[in-house]
Amino acid sequence: MTVNRLGKAYRRYNSEWQRFARWFGLPVKPSEEHWVLRNIDFSIEPGKAIGIVGQNGAGKSTLLKMITGTLQPTEGSVQVNGRIAAILELGMGFNPELTGRQNALHAAGLMGYSVEQIQQAMPDIEAFAEIGEYFNEPVRTYSSGMQMRVAFAVATAFRPEILIVDEALSVGDAYFQHKSFDRIKAFQKEGTTLLIVTHDRSSIQALCDRAILLEAGAIIKDGKPEEVMDFYNAIIAEKENSTVTIRQMDDGTVQTSSGSGEASIVSVTLHNVRGEMIEFASVGEPVSLRVKIDINQDIPELVVGYMIKDRLGQSVFGTNTHHLRCVLKDLKAGESPQYDFKFPANLGVGSFSVAIALHANDTHLVSNYEWRDLALVFNVINVAKDQFVGLTWIPPQVEYSR
Amino acid sequence: MFGLLRSLWSYRGFVVSSIKNELVTRFARSRLGGLWMIIHPLAQVAIYAVILSNVLAAKLPGIENKYAYAIYLMAGILAWNLFSEIIGRCLTVFIDQGNLMKKMRFPRITLPVIVIGSCLLNNILLLVSMLMVFAILGHMPSVEMLWLIPLTLIVVALGVGIGLILGVLNVFVRDIGQVVPIVLQVMFWFTPIVYPLNIIPDELKGAIASNPMYPVVTAYHDVLVYSTSPELQHVVITAAISIGLMLLGLFLFRRAAPEMVDVL
């Protein structure tokens, strides 16, 4: 699938007569053009999964509508090889008076399938939905979860070349969620391209090979899901004209930091019990995370938070001094407070990163002085403990009997 | 134009199931079900007949049956119902289905086709029930009634032509949706449906003659009431107008379809 310099403008006319005149070929200029999306360029290979993130109003739905073809692009084009299915509006066009079976027939017809094709797929739809006898009852007697099951079963009854998955993937109960997820993954293996729209960091990182960040109708970031999500978080935190900077690290990863700058992070280091700086910690070793801060302007309150993440960017542990009840108050410019967070490195073997946030109140969303991802990277190695797997070290006490 | 037909053909399953579902859901959970579809127009006929027949029956020439006026009314209403139902539904079809058009990709042309299909189905059922009522009243069907086939097609073409144009414009200027029912009411009274033409004063005959529905309704009367072949001369003009309007409607629809979703 290729998206080529795609743009969408909503046109307004002084009078609707001008719009009508334009259909007949008269050269009338719209009085107002409002671009909601412009210069969108990307392409995806078959079988890849791409995440689309962005704040509300960034243009995600407009982009998706143009990819599905319900909305006509004002400029540029979308080239799609094959059929698109969207799990956007599950149950769209379902009629409450008709049975599940009749609705399935109708909805599949709306997707462009012939009656024979649908009849062939019907046993499969019925089996996948797993709602038993209800399949032949009117939809108005369904619970919303059951309706979703039928809708999902119909929407995925035929493997599309491109599948658009909206946030509404939280379909039904946990069992059905797993089932639908498995089906989506199976499609992907067979070569279906996935387009996933969500705000949920973990599902983007778990599913996608790549992510695109939309902001004010333009792609502002296109890259690895982890980088893009870091950047996205930084943008959310960006309030009160703070800036976002990105630095390429030596190992090729990208560090994102943002903030309004009243306080700044000087250094973030990891120390062992003897106070020596370390890059490697062994499992269970008591360590100390030292954060040095400069206060650049008088601020009423300072909260320091940190988040330990694994190499995929999944959060392992995070807290802040608000929750730890050691908030500093009334700081003056020129002060240099230092925090030491002491904890045992009860982590699994592997590489971990630490993100640091300086802010007021209990979240970084309100006033964010500085937020820095990948402020520190350290490795955990297993020196003295028995073999184990996983992200954390939770040593058990074993009792057994025979 | 060719692509339009091709996409319509590939969505024929959807069109058929939409028409069927509409019929099913309209009468789901009502005891009399499909009977309501016949009861409504017949009740209308009964009201007009009861109120007006005593006044007008004497003036309906050329037919002996004492129920002549009721038969005359039904013939006109058969034509008018089809015409006004198609216009009324085409008028709002794009707005009513706006949500669907925004979310799903399917050929838009199916929407007016579904309207035509379901209106035609209603009309055929109405015709069948009317013929039964005619038989009860002692008025037997004749060979001339085969003329109804081309006449129905002309009414459909006229309705769709006007309806499609208005329906497309209504998406952008919603006032049209408010004005049209009023205009239809006026047009109804300017068509000889509840009264015979000969009671109209001469100075108003010109106004009625310019009504494109007038020749068609008269032809319905000829065929259903008087069992004679209709005068084709005027009907042909209406047919030509209908085809012209339909082409204009299709042209507008093609031009407007991409922009419709923007404003829905």
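**Surface patch, pocket and backbone features of the predicted model**

In this predicted model, chain B has a mean pLDDT of 83, and 94% of the residues of chain B reach a value of 70 or more. For the model as a whole, the scores are an ipTM of 0.75 and a pTM of 0.72.

On the surface of chain B, a nonpolar patch of about 460 Å² is formed by Ile182(B), Val186(B), Trp189(B), Phe190(B) and Leu204(B). The main contributor to this patch is helix α8 of chain B, which spans residues 175-189 and provides three residues. Leu204(B), by contrast, belongs to helix α9 of chain B, a helix that covers residues 202-209. The relative accessibility of Leu204(B) is 39%, and this residue is therefore classed as partly exposed, since that class lies between the limit of under 20% for buried residues and that of over 50% for exposed ones.

Attention may next be turned to the pockets of the model. The second largest pocket encloses about 520 Å³ of space. This pocket is lined by 22 residues, of which Asn95(A), His106(A), Ser18(B), Glu22(B) and Gln97(B) are the closest to its centre. Several helices take part in the lining, and at least two residues each are supplied by α3 (100-110) of chain A and by α2 (12-26), α4 (68-96) and α6 (110-136) of chain B. Among the contributing elements, α2(B) accounts for the largest share of the lining, with five residues.

Two residues of chain A were also noted for their backbone angles. Although Ala216(A) is not a glycine, its phi is positive, at about 50°. In chain A, this alanine is placed in the loop that connects strand β8 (210-215) with strand β9 (218-223). Ala216(A) has a relative accessible area of 69% and is therefore counted as exposed, because the class of exposed residues begins over 50%.

A positive phi, near 60°, is likewise found at Arg325(A), which is a residue other than glycine. The position of Arg325(A) is in the loop between β16 (315-320) and β17 (328-331) of chain A. With a relative accessible area of 74%, Arg325(A) is exposed. Ala216(A) and Arg325(A) thus each combine a positive phi with a place in a loop between two strands of chain A.

Methods:
Residues numbered from 1 in each chain as written. Chains lettered and ligands numbered in written order. Predicted model: local features only at pLDDT ≥ 70, side-chain atom pairs only at ≥ 80, totals over all residues. Heavy atoms only, no water. Patch = residues over 30% accessible without salt bridge, like charges linked within 9 Å, V, L, I, M, F, W, Y side chains within 5 Å. Areas by Shrake-Rupley, 256 points an atom, 1.4 Å probe, with all protein chains shown as cover. Salt bridge = Lys/Arg side-chain N within 4 Å of Asp/Glu carboxyl O. Helix = DSSP H or I, 4+ residues; strand = E, 2+ residues; numbered from the N terminus. Buried < 20%, exposed > 50% of the residue type's maximum accessible area, 1.4 Å probe, protein only. pLDDT = per-residue confidence, 0-100. 1 Å grid on protein atoms, 1.4 Å probe; cavity = no way out; pocket = protein on both sides within 12 Å on 5 of 7 lines; lining within 4 Å. Points joined across faces, edges and corners; volume = space filled by probe spheres on them.
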